[in-house]
Structure formats: structure tokens, C-alpha cells
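Here is a short tour for a first look. Start with the view below, then read on.

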Amino acid sequence: MSQQKLLEIINCSVSYGPIQALNNVSLSVERGEVVALLGANGAGKTTLLQTVSGLLRPTTGQIIYQGTDITGMNAEKIVEKHLIHVPEHRQIFSTMTVLDNLYLGAYHHRRSTNKQTIEANMNKVFELFPILSDRKEQLGGTMSGGQQQMLAIARGMMAEPDLLLLDEPTLGLAPLIAKDVLELVRDLRAQFGTTILLIEQNLNASLRIADRGYVISHGEIIKSGSSNELLNDPEVKEAYLGHTVH
Ligand code: ATP
């Protein structure tokens with residue numbers, strides 16, 4: 001695994017009108033890593049991912065991706081750079097088939113990528129998510145919650161991400177299904193070499209698959225370290241007080 005910085009967030013602050021959601025946040029992700037961003041409800045996790053993917057603009061600070069300053073760049077341009085965001089609540093196209101949902105994932109580079117490459121990516125995705133291959137013609141909205149989450153991640157993979165931002169992929173899933181989804185996230189890195197920045201509320205489960213993590217609280221990074229360091233840090237658990245630590 002080469003230790004080259006793929007993403008660097010430097011002193012970023014983000015506000016929604018008078019509400020400051022992020023305050024001077026710095027975070028980096030090396031190529032090949034799985035990094036967990038942990039924190040309670042309302043801590044600023046989604047805001048951070050939306051800022052990286054160009055949906056929100058920071059009031060101060062910089063975002064560097066593959067050595068290029070992408071601060072304030074529009075979201076479509078960022079997708080073209082293979083920085084792909086799988087948002088929370090899955091957001092698949094529920095009245096379209098599984099197959100069409102996957103083709104839409106490849107849409108942004110259809111003009112520049114040939115049909116064979118798209119089919120090859122589809123086959124790789126089906127190897128990792130065989131349930132999607134079995135259910136190709138099923139409407140997305142009729143799949144179970146866990147299957148829809150797999151479809152959302154698989155659609156993201158069709159865009160050939162160098163960096164995949166995953167916003168709470170286990171949200172609302174039963175514990176056993178959530179475990180399966182997180183194991184698939186780990187397999188993505190193993191099979192595709194994809195670098196992943198993962199938002200999770202489930203501290204233990206996410207640190208089991210991540211290399212490192214950051215803890216965010218009230219818009220500020222309060223802790224960072226290897227997964228082992230964070231798992232054994234009493235202050236980290238305290239940041240979750242009032243919330244279930246699984
Ligand atoms: P959750 O896990 O509940 O999604 P989160 O850690 O992702 O939480 P954010 O959604 O980033 O947190 O929210 C950070 C802060 O910004 C919260 O105080 C939230 O109320 C506020 N916030 C988020 N979106 C908006 C918005 N569109 N308008 C105003 N305030 C917002």
C-alpha cells in the first residue's frame with residue numbers, strides 16, 4: 001500500500017446560515033486506506049462528506065484531491081475525477097431495475113468509456129454482489145433494505161471510484177445485515193483497491209474494518225488514530241455517551 005495522500009482536508013469550516021456545522025476540520029486519507037469518520041448524530045459527518053463531494057462550499061479551508069485543489073469545484077466535475085459519494089438513505093432509483101440503476105452509475109463516463117469496459121465493471125460488481133446479479137430485473141424499490149444498500153454501493157463502484165465516500169451504509173439495517181454490508185465494504189478495498197472514507201455511528205463494527213479513524217464532535221475533530229488506538233480509548237466512547245456503542 002503506497003502512502004500517498006489521496007485526500008487532504010485542511011482547516012475547513014462550513015456553515016448553514018448562522019449554524020456552524022464544521023469548525024476548522026483537517027483530515028487526510030492515504031491511497032489504499034479505509035478511514036472511518038465517527039461521531040454521534042448531528043456531529044457534522046454528512047456535512048463533511050458533502051463538502052468533499054462539492055455539494056457544499058466551505059467558508060474557509062481547502063480540499064486537495066490527488067494533488068489538485070478541488071475547493072468549491074462543482075459536484076459533477078468532482079465525480080469526473082472518480083471521487084464518488086454514496087449518500088445516506090441509499091437513494092437508489094426505486095422504479096428502475098437493478099440493472100438500470102447500475103448503468104446509471106456508469107453514466108458520467110459513458111462518453112469516455114467503451115461498452116466493454118462498462119460490461120467488465122458490471123461483471124466485477126456482480127462477482128462481489130451476487131444477489132444483484134440474481135435480481136437484475138427486479139425494481140430497486142422492491143429490494144430489502146440491505147439489498148438496496150448493496151445496490152447503492154455497487155452503483156457507486158460502476159463509476160470506477162479512486163475514492164469512495166460512504167455515508168452511513170448500515171443506517172436502519174438489522175445488526176446481522178449491517179455486519180454483512182460492512183464486510184462487503186472491506187472486500188471492496190481488497191478486490192478493487194478502492195480507497196474509502198466511511199461514515200459510521202457504529203464504533204466497533206466500523207473500526208474493525210477500517211485502518212484508522214477520526215472522531216468528530218460538534219463540528220470539530222476531537223481524536224484521530226489507528227483503529228486499535230481508538231477502540232481502546234475511553235474518551236472516544238465518552239464522545240458517544242447518550243448513544244449506543246455497539
Ligand atoms: P447524522 O448522523 O444525524 O446525519 P451528522 O454527523 O451527519 O449527523 P450533519 O448532518 O452534518 O451531522 O449536521 C451537522 C450540523 O449541521 C447539525 O447541527 C445539523 O442540525 C446542522 N445541519 C445539517 N444540515 C443542515 C441544513 N440543511 N440546514 C441547517 N442546518 C443543518
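Which residues is Phe93 in contact with, leaving aside its neighbours within four places in sequence? They are Asn101, Leu104, Gly140 and Arg155. Keep in mind that this is a predicted model.

## Phe93 and its surroundings

Phe93 sits in the loop between β6 (83-86) and α3 (98-105). Its contact list, with close neighbours in sequence set aside, includes Gly140. Phe93 and Gly140 are 47 residues apart in sequence, yet their C-alpha atoms are 6.3 Å apart in space.

Is Phe93 buried or exposed? Neither label fits: Phe93 is partly exposed, because its relative accessible area is 40%, and that class lies between the 20% limit for buried and the 50% limit for exposed.

## The whole protein

Now step back. The secondary structure comprises ten helices and ten strands. The protein has 246 residues, and a compact globule of that length would have a radius of gyration near 18 Å. The value here is 17 Å, which agrees. Along the principal axes, the C-alpha atoms fill a box of roughly 45 × 40 × 40 Å.

Contacts can also be sorted by distance along the chain. Take those between residues at least 6 apart in sequence. Of these, 69% join residues at least 24 apart.

## Surface and charge

Of the 246 residues, 50% count as buried. The protein exposes about 11,400 Å². Carbon and sulfur atoms supply 48% of that area.

The protein carries 21 positive and 26 negative charges. How far apart are their mean positions? The answer is 3 Å.

## Ser53, a buried loop residue

Ser53 belongs to the loop between α1 (45-52) and β4 (60-65). Ser53 counts as buried because its relative accessibility is 5%, and the cut-off for buried is under 20%.

What does the side chain of Ser53 make a polar contact with? The partner is the side chain of His85, at 2.8 Å. His85 also appears among the residues in contact with Ser53 once neighbours within four places in sequence are left aside. The others on that list are Ala75, Ile78 and Leu165.

## Arg135, a partly exposed loop residue

Arg135 is another loop residue, placed between α5 (130-134) and α6 (145-157). With a relative accessible area of 29%, Arg135 is partly exposed. Not counting residues up to four places away in sequence, Arg135 touches Val98, Met143 and Gln147.

How far is Arg135 from Gly54? In sequence they are 81 residues apart. In space, 33 Å separates their C-alpha atoms.

## Two asparagines with positive phi

Two strand residues deserve a look at their backbone angles. Asn11 lies in strand β1 (residues 5-16). Its phi is near 50°, a positive value in a residue other than glycine. Asn11 counts as partly exposed, at 37% relative accessibility.

Asn24 is found in strand β2 (residues 19-30). Phi of Asn24 is near 55°, again positive and again in a residue other than glycine. At 47% relative accessibility, Asn24 is partly exposed.

Methods. Residues are numbered from 1 along each chain as its sequence is written. This is a predicted model: local features need pLDDT of at least 70, side-chain atom pairs count only at pLDDT 80 or more; totals for chains, interfaces and linings use all residues. Side-chain values use heavy atoms; hydrogens and water are left out. Helices (H or I, at least four residues) and strands (E, at least two) are DSSP runs, numbered from the N terminus. The radius of gyration is taken over C-alpha atoms; the globule rule is 2.2 Å times the number of residues to the power 0.38. Buried means under 20% relative accessible area, exposed over 50%, partly exposed in between (1.4 Å probe, protein chains only). Contact means heavy atoms within 4.5 Å. Accessible areas come from the Shrake-Rupley method with a 1.4 Å probe; for residues, only the protein chains shown count as cover. Lys and Arg count as positive and Asp and Glu as negative; His and the chain ends are not counted. The place of a charge is taken as NZ of Lys, CZ of Arg, CG of Asp or CD of Glu. A polar contact is a pair of N or O atoms within 3.5 Å; within protein, one must be able to donate a hydrogen and the other to accept it, and residues adjacent in sequence count only if both atoms are side-chain atoms.
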